[in-house]
Every structure is written in structure tokens, then in C-alpha cells.
Amino acid sequence: MSKRSDLTTLLVLGTVNIAGTNAWTVLTAAFPAKLVEAAFDREVKAGRLDYGVSLRTPWLTEKGKAFLLDASSRNPGDPT
């Protein structure tokens, strides 16, 4: 059974970085939509994602990009 903590910040932001506005489709293939929505909302509240009309089509903010850059510098083998 999946829980929101399974959708880590790195997983959510990395998917948005790679899949762009298709991140919702990618993540809901593996996790329930309600969990993906909660994870997106968590990242919006943290200032790492933003969206326009729909939470389902987010993009990375500068803070989100910085988070991924910092994560990749700590884990050079990480594809995000």
C-alpha cells in the first residue's frame, strides 16, 4: 500500500523535471491520484513547484531547481 511519504520530494521534483507537464500521468501510473495530488500540494506549499490553471500540470520553481541541483551534487550518480 502506498503512502504519501513514498512520494519523496526528490521523486516528485525529478519526475516534473524529466516529464514536465506529463509528470501527473507518469506518477499516477505508479501511485494513487490522491497521493500524487497531496505530494504536488506539499511541494507547492514548500515553494518548489508552481502551477497555473491545474495542480496536475506543475513546473519547477527556482527553489525546486536548486533542490535538484543540490541533490545531484550530493549524489552524482542520480539521473535527476
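A residue is called buried here when its relative accessible area is under 20%, and exposed when that area is over 50%. All the close-ups below come from a predicted model.

**View 1. Helix H4 has a buried face and an exposed side.** Tucked away in H4 are Gly64, Leu68 and Ala71, which are buried. Looking down the axis of H4, its buried residues sit within an arc of 65 degrees, so they line one face of the helix. Flip to the other side of H4 and you'll find Glu62, Leu69, Ser73 and Arg74, which are exposed. And what covers the buried residues? The cover includes helix H1 (9-19) and strand S2 (59-60).

**View 2. Helix H4 from end to end.** H4 takes in residues 62-74, 13 residues in total. At 1.5 Å a residue, H4 should span 18 Å, and its end C-alpha atoms are indeed 18 Å apart, so expectation and model agree.

**View 3. H1 packs against H4.** The axes of these two helices are 10 Å apart and meet at an angle of about 110 degrees. Since angles of 65 to 115 degrees count as roughly perpendicular, that is how H1 sits relative to H4. On the H1 side, the contact uses Thr9, Leu10, Leu13, Gly14 and Asn17. H4 answers with Gly64, Phe67, Leu68 and Ala71. Gly64, Leu68 and Ala71 are the buried residues we met in View 1.

**View 4. Inside the largest nonpolar core.** This core has 16 residues, and Leu7, Val36, Phe40 and Leu49 touch the most other members. H1, helix H2 (23-28) and helix H3 (33-45) each chip in at least two residues. H3 gives the largest share, with four residues.

**View 5. Phe40 and its neighbours.** Zoom in on Phe40, leaving aside residues up to four places away in sequence, and there's plenty to see. Phe40 touches Val12, Val16, Ala23, Trp24 and Leu27, along with Leu49, Leu55, Arg56 and Pro58. Phe40 is also one of the core members that touch the most other members.

**View 6. Thr21, out in a loop.** Thr21 lies in the loop between H1 and H2. Its relative accessibility is 52%, which is why Thr21 counts as exposed. Even so, Thr21 has contacts: setting aside residues up to four places away in sequence, Thr21 touches Arg56, Thr57 and Pro58. Pro58 and Arg56 also appear among the residues that Phe40 touches. For another pair to look at, try Thr21 and Thr61: they are 40 residues apart along the chain, with their C-alpha atoms separated by 13 Å.

Note on methods: Residues numbered from 1 in each chain as written. Predicted model: local features only at pLDDT ≥ 70, side-chain atom pairs only at ≥ 80, totals over all residues. Heavy atoms only, no water. Expected span 1.5 Å × (residues − 1). Buried < 20%, exposed > 50% of the residue type's maximum accessible area, 1.4 Å probe, protein only. Arc of directions from axis to C-beta. Contact = heavy atoms within 4.5 Å. Core = buried A, V, L, I, M, F, W, Y, C linked by side-chain atoms within 4.5 Å. Axes fitted to C-alpha atoms, helices over the stretch in contact; angles between N-to-C directions. Parallel < 35°, antiparallel > 145°, perpendicular 65-115°, else oblique.
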